[in-house]
Every structure is written in structure tokens, then in C-alpha cells.
Amino acid sequence: MKNFYKHFKKISLFCFLTLTFTLSSGFTEQEIEIRPINDYTSLLINHYDGYSMQMPSSSKITLNDSHYVTEIDFNNVNIKIFLDDLTTSYASYLNYSLKGIRQSQNEHIITYDGNTYLGSKVAHEISFYRSKLKTVNDDKNNYMILFIQLDNTKALTFMVKSSDAINKKLLLPMLASLNFDQSKIANFPTKVPSVYKLVNGELKGAQNLSDRTKKFYKDYFLSPDRAWGIFVDEFWINGKVGSIEREIDHNFSFMLLYHHLSSSNKYVTDAIDYCIRTEKYLELTLQYEVANGKNQIYGILNGEYDEFLTEMAQIVAQSEQPTIFRIANEMNGDWCAYSAYNTGLDADIYKMAYNHIYNIFEKEGANKNVLYVFNPNGKNFPDFKYNDESMYRPDYKKYQLVGLTLYNTGNYYKDEHFVDFDTLYKGLYNSVEQNYDKPMM
């Protein structure tokens, strides 16, 4: 560790004026400990994963809600540490994790892809960079990801990103200092709180919502009654919904529109107008994709779709119709362009795009009519911690509902079969109930 002290001391005197650490997730010393070593270095002790590691004394430490990732932020560097109990081989974990980066070299420019030594440990390193994102302040566009096999069932992953070129002389000794030398405690996730509370029939904390949207939220999401919706393509012109409703003698409450960045926003206008006429509500789902070899999520963060998004927000604002807005669902599935698999394993890209869209809707006055739904897939594909649904969660104040999605794939895959609704959804329902204090869809 002498090299770590030497290199860190040089930049400490220049960059770090406050030699303090910050615990930013409300955890206790029994869970996370910080022990000063000298003026420049502290020891991080993580009792969830059972390790210790040296770090700059000025670091900010964060755990996500599920305690699946420990983040260290200092100066212009962010480090994420994942410890995975693998259900597949380490080779499969490594190859799969590298594949998405290697396949997107038009946007992720690889500068190194091979072995690196962390003391006695051999890691596979992939380092790459992408273009700076125009709407993101201090965008960390330089990456170094290290994968280490601990045994046949465990893998350790360091994800480092920085707004400047990565200083390996500083970081590699720091990462090499990690030791599994601590006692472990049980992992009890932090429950995501609700935004609004119903007190004596009055909805508290909902000052940002219109009276109609407050009533909509209370009637449909704080009520013991159940409501159903349906997806029919271009439902506002084809008449199929009315035929189905007559056939089953049931009127649907919700209509679903899948909307894309290449679509016309007239679809949103027509869909909302239909819902107003028929006394229904729209669930507006916005999805983005890879088009012409470019991932549209980066286009969003470069401001390329601001005009489109602003127009969509203005339509929702002017309608005064309560609307559910689902931004980029199933993000923890690798089939989505906005999954971390397609963004350099960096789930923060999803959250930054979500925030950008949310802020446009806020600026245009649309959020008073909107309930946001965060809707991951019920299973993580791949089922690695850097792709866990909790890595994608926006700020809890920026969504009011949690969406539940699972696929009944039948015998499409080998050794699978159709199951009933309870069998399919019971485990997911219990998991969401444990992890979220929010209504479910």
C-alpha cells in the first residue's frame, strides 16, 4: 500500500480540502464502519459483504436500497463494488458482461481488454470511454471495470468511472487493498417509501398534483377495488375495444399506448382524447431503442429529442387528464436498449435519462396530471447485481407506482411450462411488498 499512500497524498493536498467522510444512506456503524488510518486514508468496513478496503478520507459512501452495491465517491471518481453469488459459471458471468460492451464499440471505445493484477489477484480489466453527454453536468464518461473470480461461486466486480482519464496508479493499489476479513450480517433491504399518505381521507404530500389527479390516485390506487386495462394497437380508431367489452360484459378502465421516439405525438393526443370521451385513463409507455447503430438513450441525454419530449409533455399538460406515465419499462432485461447491458454496464444512464424526461415534464407543467410508474421486469436478465432492478430505481419522489411484469413463456424454453397466475406472480408480489411502500400495478 505504500504506492497508494504516495500517489494519494499528492492529489490529497491539491484536491481534498475537507478530510471527512460521509455516510449517505442512513446505515449504522454495525453495518458500515469507517476507521481513519491517517490524514489521507480511511478503512471502509462493509459488514453486509464481509470485506474491508482502504479509500480516501474525503470519500462519500452510499449503499443502494437492497445493499447490493457499495459506492465510493471522491473528487471526480465513482467506484461501485458488487459481490455476486453466482448461479452460473464465472466464465459465463465474465463473457456475458463483456459482450454488451464489445458489441457497442461505435459508442464505447475500448482502450484495454485483458488481464490486470491487483496484488496477488488476477482481474480481467476492460477500459473504455464514450462521448460526453451534453445535458449531464460533470459526466463521467471514462470507465474501468475489473472482474475477479473469488471461488467457483463468487465474483467480485469493481466499476470505476471518472470525468477525467482514470488514474490507475492511484486506483489499482486502492482496489487491491480489499480483504474479506470481516464478519457478515444479514441483508435486510431498505423499503422504498411512499410519496403520498392518506390521512383521514386527505392525500398528504401531493401538493404537486391537480385535484383530479389526486382523486384518480385515491380512487384507483388507494382503494381495495381492482381495475383492469387492455392493450389494443391504435385503440382510438379501430373499434376493437368496444367489441371486446361487449363480448365479456366489462368496461376497461385503462388503455395502454406504447410510444417511441420515432412516433408522432399525435398518437398521444388521439389516445388521451379517446380516454376522455370514453371515461378511461391512459397508461403512456415511452420506449427507446438502438436505431441506425446508435442507442437513443444517449441521444436523449444529448438533448436530441428535447423538442419531441417537450411537445409530448405539453399535450399531457394541456389535456388536464390524469395520466399514468411509464418510462422505459423492463430496463433490467437485456432485450431493452436502455438496459445496462447496452450502456457499458452503467445503470446510472437509465436514471439520468429518466430524470431528463421527468424534468421536461415538470418544466412544461405536465407532472400535475401524471402518476409515474417504475416498472422493471419481474426477473433480472441477466441475474447479476449490477443489473438488479434496484440499480435502476429513480428517486423515490419521482414515481408513485410500482409495475409488476412477468412473462408466462409456456413451453417456449426447454423444461418450462405454462403456470397459473398465482404461481407466476406470488413471489414477485411478496418481494415488491417487502421492498416498496407503494401501490402496485
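**Exercise 1. Work out why helix 9 and helix 10 count as oblique to each other.**

Solution. Helix 9 and helix 10 are oblique because of their packing angle: angles under 35 degrees count as roughly parallel, over 145 as roughly antiparallel, 65 to 115 as roughly perpendicular and the rest as oblique. Start with the model: it is predicted, local features need pLDDT of at least 70, side-chain atom pairs count only at pLDDT 80 or more, and totals for chains, interfaces and linings use all residues. Residues are numbered from 1 along each chain as its sequence is written, and side-chain values use heavy atoms, leaving out hydrogens and water.

Next, take the geometry: helix 9 (residues 306-319) packs against helix 10 at about 50°, and the axes lie 9 Å apart. Finally, find the contact (heavy atoms within 4.5 Å): helix 9 brings residues including Leu309, Met312 and Val316, while helix 10 brings His356, Ile357, Ile360 and Phe361.

**Exercise 2. Find which helix gives the most to the largest nonpolar core.**

Solution. First, recall the term: a nonpolar core is a set of buried Ala, Val, Leu, Ile, Met, Phe, Trp, Tyr and Cys residues joined through side-chain atoms within 4.5 Å. Buried means under 20% relative accessible area, exposed over 50%, partly exposed in between (1.4 Å probe, protein chains only).

Then look at the largest core: it has 82 residues, and Phe235, Tyr288, Leu309, Phe325 and Phe361 have the most contacts inside it. Helix 10 (residues 348-363) gives the most, with eight residues. Apart from this core lies another of 29 residues, Ile32 and Met144 among them.

Note on methods
Helix = DSSP H or I, 4+ residues; strand = E, 2+ residues; numbered from the N terminus. Axes fitted to C-alpha atoms, helices over the stretch in contact; angles between N-to-C directions.
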